[in-house]
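Hello,

Here is the structure I said I would pass on. My notes on it follow below the entry.

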Amino acid sequence: MSSKVPSDLRYAKSHEWVRVAGDVATVGITDHAQHELTDVVFVELPALGRKVKAGDACAVVESVKTASDIYAPVSGEVVAVNQPVADQPALVNSDPYGGGWFFQVKLAQPSEVDGLLSPADYASLIGQ
């Protein structure tokens, strides 16, 4: 099965995606990750105002198969969380790059984005 890898995003090796607008990064998990998890049944979001460092576990996603930590791909302060995804976890499966996002971070070090995988590198990582 081929996963979607949008060309306007950057990716972490741990299967999170980042969409940057100004100094805010929106974070979610990739189409590949949600396929691996299967049906997502629970999402725990980070607290608003929480300071995260790149690589920190800061959210949790549970599926019928397993529970997985979601890692911050960039450092900064959590400025928004997607409450609809906590209320309706299936959004992660149905719309991983749209309504299924998890949280937004005000970037502390915008240059960290440059260290994330390009779409081509992520596609290679997942064997596409």
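**Strand pairing and surroundings**

Ala57 stands opposite Tyr71, a residue of β7. Please keep in mind that this is a predicted model.

The pairing of β6 with β7 is antiparallel and consists of five bridges. The two strands make a hairpin, and three residues separate β6 from β7. Val64 is in the loop between these strands.

On the other pairing of β6: β4 and β6, the latter covering residues 57-63, are joined by four bridges, again in the antiparallel sense. Two of the residue pairs can be named. Val40 has Ser63 of β6 as its bridge partner, and Glu44 has Val60, also in β6, as its partner.

Taken together, β4, β6 and β7 form an open sheet of three strands, in the order β4-β6-β7, with antiparallel pairing. The edges are β4 (40-44) and β7 (67-71), each of which pairs on one side only. From one strand to the next, the twist averages 25°.

As for burial, β6 is mostly covered, with five of its seven residues buried. How exposed or buried is Val64? Val64 has a relative accessible area of 59%, and because the cut-off for exposed is over 50%, Val64 counts as exposed. Val64 also takes part in a nonpolar surface patch, which it makes with Val41 and Phe42. The area of that patch is about 270 Å².

A general point may help when you look at the side chains of the sheet. In a regular strand, side chains alternate between the two faces of the sheet.

**Ser3**

One residue outside the sheet is also worth a note. Where is Ser3 placed? Ser3 belongs to the segment before β1, the strand at 10-11. Is Ser3 buried or exposed? The relative accessible area of Ser3 is 7%, and since buried means under 20%, Ser3 is buried.

Which residues does Ser3 touch, leaving aside those up to four places away in sequence? The contacts of Ser3 counted that way are these:

- Asp31, His32 and His35
- Ile126 and Gln128

In short, the two residues with quoted accessibilities fall on opposite sides of the cut-offs: Ser3 is buried at 7%, whereas Val64 is exposed at 59%.

Regards

How values were computed: Residues numbered from 1 in each chain as written. Predicted model: local features only at pLDDT ≥ 70, side-chain atom pairs only at ≥ 80, totals over all residues. Heavy atoms only, no water. Buried < 20%, exposed > 50% of the residue type's maximum accessible area, 1.4 Å probe, protein only. Contact = heavy atoms within 4.5 Å. Pairing = 2+ DSSP bridges. Axes fitted to C-alpha atoms, helices over the stretch in contact; angles between N-to-C directions. Patch = residues over 30% accessible without salt bridge, like charges linked within 9 Å, V, L, I, M, F, W, Y side chains within 5 Å. Areas by Shrake-Rupley, 256 points an atom, 1.4 Å probe, with all protein chains shown as cover. Salt bridge = Lys/Arg side-chain N within 4 Å of Asp/Glu carboxyl O.
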